[in-house]
Amino acid sequence: MRLTRRAAFMIGLAMAATPALAADYPAPRDASWVARDFRFHTGEVMPELRIGYTTVGDPGGIPVLVLHGTAGSARSMLTPAFAGQLFGEGQPLDARRHFIIIPDAIGTGRTAKPSDGLRGNFPRYNYDDMVLAQHRLVTEGLGIRRLRLVIGNSMGGMHAWLWGTNFPDSMDAIVPMAAQPTEMSARNWMMRRLLIETVRRDPAYNNGFYTQQPASLGLANVVYATGTNGGTLNLAAIAPTREAADRIIDQRLAAPPPADANDFIWQWDSSRDYNPAPRLDRIKARVLAINAADDERNPPETGLMQAAMRRVANGQLLLIPASAETLGHGTTGNARFWAEDLRRFMATLP
């Protein structure tokens, strides 16, 4: 059994059952764990770092770690398009056999974040800190020494790459999606920087000690999402006229903005020094990298992904062709595009 008896007992005490989001896999359960004396890469130490997480399946099952994207949470992975294609009976990560662990990353969901009280004084965490917190949750909180699989999407995909380089003996396989194991740069970082600066330079932001949420927050979010997600062919199909395009933008502008400006800035800024490239030779796990040909943030035409994959000892790249059905950077959030490839990949693992 991969989980210690004590850890299993503590999970039973800590987790409260929540209604199943899909009838064909077990009800997700929410829990939290506290990492004591958590040291950030800056040297700052938080005496108690609360980490929220959600699990699906029995703790005695084959352990799989699922990692969400920027500004998401564990619950954002429990959609029909993702969990509904993976966790059900007979599906690639059937939760009757697997123990699915989905943490809320630092700065998101029920895990510690600036809006909890520290506001602008919250440590300026980065992706290495976030992955360290996930690793401590898995090993110390849940008593799991080795994962069968680490799979993540977007930011979660970048975290999956860091799991492979930072903790190479902790898993059998990694599946990073909508991510490259290369330095944060070019349009990907330029757009993130503009997103951050739009809010940071708003006078209402007041260096993170605002009395009400800056008006720029919602607009910046819509501009960034529209410019770096959605897919060229898909947007052409759903907005073939100016009127159709205006309707979509009006809907997006009317949607609720992100809840807190500091949380928002910290989330996007945390990618600033991401760069697993120098450590790719440390990866021992088998790798199935999945990207979309129309990914606006990780465009394949640069050749960066192909060059990086040549340095991964046991790696393969699945590039999903662009179409009117793909969603650019958002394509991999729909598991129907790659679920059978994942099944075949899992079948090859020793």
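Me: How many cavities of 30 Å³ or more does the count come to?
Reply: In this predicted model, a cavity is a set of points where a 1.4 Å probe fits but cannot get out. The largest cavity holds about 30 Å³ of space, and its lining includes M158, Q180, R192 and H329. By the rule of 30 Å³ or more, the count comes to one cavity.

Me: How do the residues of the lining of the largest cavity divide into nonpolar, polar and charged?
Reply: The lining is made by M158, A178, A179, Q180, N188, R192, R297, N298 and H329. Ala and Met count as nonpolar and Arg as charged, whereas residues outside the nonpolar and charged lists count as polar. The lining therefore divides into three nonpolar, four polar and two charged residues.

Me: Which helix gives the most to the lining of the largest pocket?
Reply: The largest pocket contains about 880 Å³ of space, and of the 39 residues that line it, G69, T70, A71, G72 and N229 are the closest to its centre. The lining divides into 14 nonpolar, 20 polar and five charged residues. Helices α6 (216-228), α7 (232-238) and α9 (261-269) each supply at least two residues of this lining. With four residues, the element that gives the most is α9.

Me: Is L253, in the nonpolar surface patch, buried, partly exposed or exposed?
Reply: L253 has its place in helix α8 (residues 242-254), and together with L219 and V223 it makes a nonpolar surface patch of about 280 Å². Because its relative accessible area is 46%, which falls between the 20% and 50% limits, L253 is partly exposed.

Me: Which strands does the salt bridge between R36 and E48 tie together?
Reply: Side chains of opposite charge can pair when their charged atoms come close. The structure holds 22 salt bridges, and in the one between R36 and E48 the closest N and O atoms are 2.3 Å apart. R36 counts as partly exposed at 48% relative accessibility. The pair ties together parts that are 12 residues apart in sequence, because R36 lies in strand β2 (residues 29-39) and E48 in strand β3 (residues 45-56).

Me: Which residue of the salt bridge between D94 and R96 counts as exposed?
Reply: The closest N and O atoms of D94 and R96 are 2.9 Å apart, which satisfies the 4 Å limit for a salt bridge. D94 has 4% relative accessibility and therefore counts as buried, being under 20%. At 56% relative accessibility, over the 50% limit, the residue that counts as exposed is R96.

Definitions and conventions:
Residues numbered from 1 in each chain as written. Predicted model: local features only at pLDDT ≥ 70, side-chain atom pairs only at ≥ 80, totals over all residues. Heavy atoms only, no water. 1 Å grid on protein atoms, 1.4 Å probe; cavity = no way out; pocket = protein on both sides within 12 Å on 5 of 7 lines; lining within 4 Å. Points joined across faces, edges and corners; volume = space filled by probe spheres on them. Patch = residues over 30% accessible without salt bridge, like charges linked within 9 Å, V, L, I, M, F, W, Y side chains within 5 Å. Areas by Shrake-Rupley, 256 points an atom, 1.4 Å probe, with all protein chains shown as cover. Salt bridge = Lys/Arg side-chain N within 4 Å of Asp/Glu carboxyl O. Buried < 20%, exposed > 50% of the residue type's maximum accessible area, 1.4 Å probe, protein only.
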